[in-house]
Amino acid sequence: MTPPNAPESRWSDLERPPLNVAALRRGVVVPGGLWTSLDLVAATGSTNSDLAARAPSLPEGAVLIAEEQTAGRGRLDRTWTAPARSGLFFSVLLRPGADVPVTRWGWLPLLAGVAAATGLARAAGVDMSLKWPNDLLVTVAGEERKTGGILLERAGEDAVVLGIGVNVSLHADELPVPGAGSLGLANAVSTDRDPLLRAVLRSLEKWYTRWRAAVGDPAACGLQEAYAAGCATLGRQVRAELPGGAAVTGEAVALDGDGRLVLATGGGDRQAVSAGDIVHLRPADRPDPDGSGPTSSAAGT
């Protein structure tokens, strides 16, 4: 029995129980598999930063999970915050350099997107899609919402740290921004994080092994086709906000062999975008037929 006036236990929220690290290790750290270790911390600033700092002493396949991140980072140095135990916040250490040329490492965030979307769709029972290059989308009340993101960082000459963050059980009043979502808000059949995490790690191992065996060739291992099939950006009018402040508007028509998004910008011109922030445009945002520009500043996801 809990004594009167006792402080609330960190694990008192039964909706959000802690991850079972022993069961996770039994499930994913197996002989001959990719994952070589799995560690769980109650809270940290960033699993990517922590794992990158330890990378020189770790073999490929190390997994670091946090129940809470206080300084999680997304693309373009955006912050990623969520209540403790409300999502999946983890990083993995990969060393593709022995088999894959560095020029193909840019496919790793896209590979992680395919793996995470596939694993989560199967385990959570929700439709998942990808916004180029590495956002995970769900549908909440008929609207596309970002529920997860992926961040890739170099960790020395031969290694990378791949971080994945997914909102699992966040309620509407807990979302970091109004346009965000969660698996729970998308009516997932399960928000039990243990099977969700196992599903993502197994899917990631499958895709990484195939990609590495193909020497990073995205077409040969099926990655390019799989990404295109699950990408909500293709076929849409988008605005690409490029580094340096420039922007390009057009229809996203293809994904090239380097993982770049190809835009048809009008007049038969095509431009491949390798980095930037992509905005899915609603009809009101699209350029006027005379090319005078967008008719509204409102934007989608």
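**Reading the values: loops, a ring pair and packed helices**

Colleague: I am starting in the loop between β9 and α4, where His171 is found. Why is His171 called partly exposed?

Modeller: Bear in mind that this is a predicted model. Partly exposed covers relative accessible areas between the 20% and 50% limits, and His171, with 35%, therefore falls into that class.

Colleague: Which residues does His171 touch, leaving aside those up to four places away in sequence?

Modeller: They are Glu15, Arg16 and Leu185. There is also a C-alpha separation of 7.7 Å between His171 and Ser182, which are 11 residues apart along the chain.

Colleague: Asn187 is in the loop between β9 and α4 too. What makes Asn187 exposed?

Modeller: The cut-off for exposed is over 50%. Asn187 has a relative accessible area of 62%, so it is exposed. Its backbone deserves a look as well: phi is positive, about 65°, although Asn187 is not a glycine.

Colleague: Where is Val215, and how does its accessibility class follow?

Modeller: Val215 is in the loop between α4 and α5. Its relative accessibility is 38%; that lies between 20% and 50%, so Val215 counts as partly exposed. Val215 is a residue other than glycine with a positive phi, near 55°.

Colleague: How do you know that the peptide bond from Trp132 to Pro133 is cis?

Modeller: Omega of that bond is near 0°. Pro133 is placed in the loop between β6 (129-131) and β7 (135-140).

Colleague: Now the rings. How many aromatic pairs does a search of the whole structure find?

Modeller: The search finds 1. The partners are Tyr208 and Trp211, with 5.9 Å from centre to centre and 35° between the planes.

Colleague: Why is the pair of Tyr208 and Trp211 called tilted?

Modeller: Ring centres must lie within 6.5 Å to pair, and 5.9 Å meets that. An angle of 35° is neither under 30 degrees, as stacked would need, nor over 60, as edge-to-face would need, so the pair is tilted.

Colleague: What separates Tyr208 and Trp211 along helix α4, and are they buried or exposed?

Modeller: They are 3 residues apart in α4 (residues 193-213), which means about one helical turn. Buried requires under 20%; Tyr208 at 2% counts as buried, and so does Trp211 at 0%.

Colleague: On to the helices. What describes two packed helices?

Modeller: The angle between their axes and the distance between those axes. The axes of α3 (residues 108-124) and α5 (residues 223-230) come within 10 Å and cross at roughly 60°. That makes α3 oblique to α5, because the perpendicular range begins at 65 degrees and the parallel one ends at 35.

Colleague: Which residues meet where α3 contacts α5, and how do they divide by class?

Modeller: Leu110, Leu111 and Val114 from α3 meet Leu223, Ala226 and Tyr227 from α5. This contact has 6 nonpolar, no polar and no charged residues. The crossing is left-handed.

Colleague: The axes of α3 and α4 cross at roughly 140°. Why are α3 and α4 called oblique to each other?

Modeller: Roughly antiparallel needs over 145 degrees and roughly perpendicular stops at 115, so at roughly 140° the two helices are oblique. Their axes come within 8 Å, and α3 passes α4 in a right-handed crossing. Among the residues that meet are Leu111, Thr118 and Gly119 in α3 and Ser203, Tyr208 and Trp211 in α4. The whole contact divides into 17 nonpolar, 3 polar and no charged residues.

Colleague: And what is the relation of α1 (residues 21-28) to α4?

Modeller: They pack at an angle of about 30°, with axes 10 Å apart. That makes α1 roughly parallel to α4, because the limit for this term is under 35 degrees. The crossing of α1 and α4 is right-handed. Leu24, Gly27 and Val28 in α1 meet Asp194, Leu197, Arg198, Leu201 and Arg202 in α4. By class, that contact has 4 nonpolar, 1 polar and 3 charged residues; Gly27 counts as polar because Gly belongs to that class.

Colleague: How many helices and strands does the chain have, and what share of it is buried?

Modeller: There are 5 helices and 14 strands, and 47% of the 301 residues count as buried. Of the contacts with a separation of 6 or more, 62% are between residues 24 or more positions apart.

Key: Residues numbered from 1 in each chain as written. Predicted model: local features only at pLDDT ≥ 70, side-chain atom pairs only at ≥ 80, totals over all residues. Heavy atoms only, no water. Axes fitted to C-alpha atoms, helices over the stretch in contact; angles between N-to-C directions. Helix = DSSP H or I, 4+ residues; strand = E, 2+ residues; numbered from the N terminus. Left-handed = near helix turned anticlockwise from the far one by under 90°. Contact = heavy atoms within 4.5 Å. Phe/Tyr/Trp six-rings, centres within 6.5 Å; stacked < 30°, edge-to-face > 60°. Buried < 20%, exposed > 50% of the residue type's maximum accessible area, 1.4 Å probe, protein only.
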